[in-house]
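Got your viewer open? Here is a short tour, stop by stop, with something to select at each one.

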Amino acid sequence: MIHTNYLIIGSGVAGLTLALRLAEKFPKKNITIVTKSNADESNTKYAQGGIAIVIDTNEDSYQKHISDTLICGDGLCDEAVVKMVITEGPKRLKELIEWGAKFDKNPDGNLNLGKEGGHSENRVVHHKDQTGYEIERTILKQVFQKQNITVCDHHFAVDLITEENCCLGITVLDEKTKLLQTYKSDFTTLATGGIGHLYGHTTNPVIATGDGIAMAYRARADIKEMEFIQFHPTAFYEAYSGSKFLISEAVRGFGAYLRTKQGHRFMMDYDSRQELASRDIVSQSIDLELKKSGDDCVYLDCTHLDLEAFKNHFPMIYKHCLTAGIDIEKKWIPVVPAQHYLCGGIGVDTNGKTSVHNLFACGECSQTGLHGANRLASNSLLEALVYSGRIFEYLAHPDLEIKTADYKISEQKKTDKPEIDSEYLNELKTKLQHLMRKNAGIVRYDSDLQNAKEQLLKWKNEMEQIERMHQISATFYELLNMITIGILIVSQSLERQENKGGFVKLKKLCV
């Protein structure tokens, strides 16, 4: 058994910044980060756009950012949370800069602020089109310099250990030794990111399988608003399934146009903000255009833009397009909506506390009330930074008491059961991804959702029978988690009767 004071599951911006703050405040306490891949692999790494923060108070204001967020959330945001997150943003940005993060500046030395869909002003702080990578690089460098932080990569968190509604730690599968280990902790934080791989077509990396939410659900934590799934309007279109390259919303903020195959600039038909409408509206508009035309994708037209300025702002996007045979000066970029962000998740209060004692959640796996029915662009990194700070401040309070439960944690060992057929798991995952895309996508129907729920429950029963007969593996538990998340999504989609934000459900399929 391994004992640690603070246990953090996940190595994105939420988990890493919390670990760093705790390590600096409590140099004699141990902080352990458990991550199922390399330490630098997370959704944070792939965040292109930036962090939405009010800086230029001559043109912008907290109230404008609050209003934009509330409008995007379509009436379901917690206004007190929105105000808290937005007003604390500048302080968190200052911390990032002090840790060494570099952000783009204008010739006058002030931060260069971008504009994205749903924002009324330029307020997105960025590092070209690789903001997440820059933040991840900066924080990880600081983390590795702290002697009281241990990073356990290629360790898969299997399940939370709870007793009397109190989290005592987790069981972890060491993927190198194939042994189960027990981690006992005073406080545990889930920072496991999103669910994108459940859909296959996603801007998320393959590690985004909803593990933290599934574990929290099995531990009887509150799971809220899983029906609110954001699809990014402009993922680079490729025929195969899998993680998609993201064409940042900032490209439309830079002046790019969305067109059909025939060249029609269709967003003018749907919203007065045109290409800068919020993501739910743009995604739904593209979905409708594709259903009308039968085409596989629409196009992003950048041919009228200043090429040198584009290359300077979006070097990674320009290079990816060029590698794929798209010279943006002459050709349009093929794009299609792809699963991008989960607005729901593990319910937390303003200190990041879940409904289970000693268990916290932060980042995309949590449901804070900030996003409501639809996330405003670049509010996600902001939320992760603010809630990481809130959890830290709660844990650093001098009067904090550790709630304990009378429970003896036993060490778990590898069994002699046969290994699971990996081909079966891969085939089932492919079927799952197809089911979710077809039955729980941008526009949903009650009949499809009910059929999906029945199928998901059958698969869950199959997986539980296999678990009793075979040696567990990370691949198995990852798939079990994905099925669990699928059940939560379709169940909560069936329960919601009102279309809001990114959630659109029709009673019957109209042909």
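## Stop one: the empty spaces

This structure holds four cavities of 30 Å³ or more. Keep in mind as you go that you're looking at a predicted model.

Let's begin with the second largest cavity, which has about 50 Å³ of space in it. To see its walls, select I229, Q230, F231, R279, D280, S283, Q284, N374, I442 and G502. Two elements give two or more residues each to this lining: strand 11 (229–236) and helix 7. Helix 7 has the largest share, with four residues. Try colouring the lining by class, and you should get three nonpolar, five polar and two charged residues.

## Stop two: the largest pocket

Now move on to the largest pocket, with a volume of about 900 Å³. It has 31 lining residues, and to find the middle you can select D287, L290, K291, R437 and I442, the closest ones to the pocket's centre. You've met I442 already, as it also lines the second largest cavity.

Which element supplies the largest share of the lining of the largest pocket? Select helix 7 once more: seven of the residues come from there. Helix 7 covers 279–293, and three other elements also supply at least two residues each: strand 14 (333–342), helix 11 (422–439) and strand 18 (443–445). Colour this lining by class too, and the split is 17 nonpolar, five polar and nine charged.

## Stop three: rings that pair up

Time to show the aromatic side chains. A pair of rings is described by how far apart the centres are and by the angle between the planes. Counted across the model, there are twelve aromatic pairs.

Select F266 and Y270 for one of them. The ring centres are 6.5 Å apart and the planes sit at 80°, so this pair is edge-to-face, because an angle over 60 degrees counts that way. Are the two residues buried or exposed? F266 is buried, with a relative accessible area of 0%, while Y270 is partly exposed at 29%.

Next, pick F360 and Y394. This pair is tilted, with 5.7 Å from centre to centre and 55° between the planes. It links distant parts of the chain: F360 is in strand 16 (residues 359–361) and Y394 is in helix 10, 34 residues apart. F360 is buried, with a relative accessible area of 2%, whereas Y394 is partly exposed at 25%.

Don't clear that selection yet! Add Y6, F26 and F187, and you'll have a cluster in which ring pairs link these residues with F360 and Y394.

## Stop four: an arginine in helix 10

Stay with helix 10, which runs over residues 379–395, and select R390 in it. Why does R390 count as buried? Its relative accessibility is 17%, and buried means under 20%, so R390 falls in that class.

What does the side chain of R390 reach? Follow it to the backbone oxygen of T350, at 3.1 Å.

To finish, show everything R390 is in contact with, leaving aside its neighbours within four places in sequence. You should end up with M84, E88, R92, T350 and N351 on screen. T350 turns up again here, as the residue whose backbone oxygen the R390 side chain reaches.

How values were computed. Residues numbered from 1 in each chain as written. Predicted model: local features only at pLDDT ≥ 70, side-chain atom pairs only at ≥ 80, totals over all residues. Heavy atoms only, no water. Buried < 20%, exposed > 50% of the residue type's maximum accessible area, 1.4 Å probe, protein only. Polar contact = N/O pair within 3.5 Å; in protein donor to acceptor, adjacent residues only side chain to side chain. Contact = heavy atoms within 4.5 Å. 1 Å grid on protein atoms, 1.4 Å probe; cavity = no way out; pocket = protein on both sides within 12 Å on 5 of 7 lines; lining within 4 Å. Points joined across faces, edges and corners; volume = space filled by probe spheres on them. Nonpolar A, V, L, I, M, F, W, Y, C, P; charged D, E, K, R; others polar. Phe/Tyr/Trp six-rings, centres within 6.5 Å; stacked < 30°, edge-to-face > 60°.
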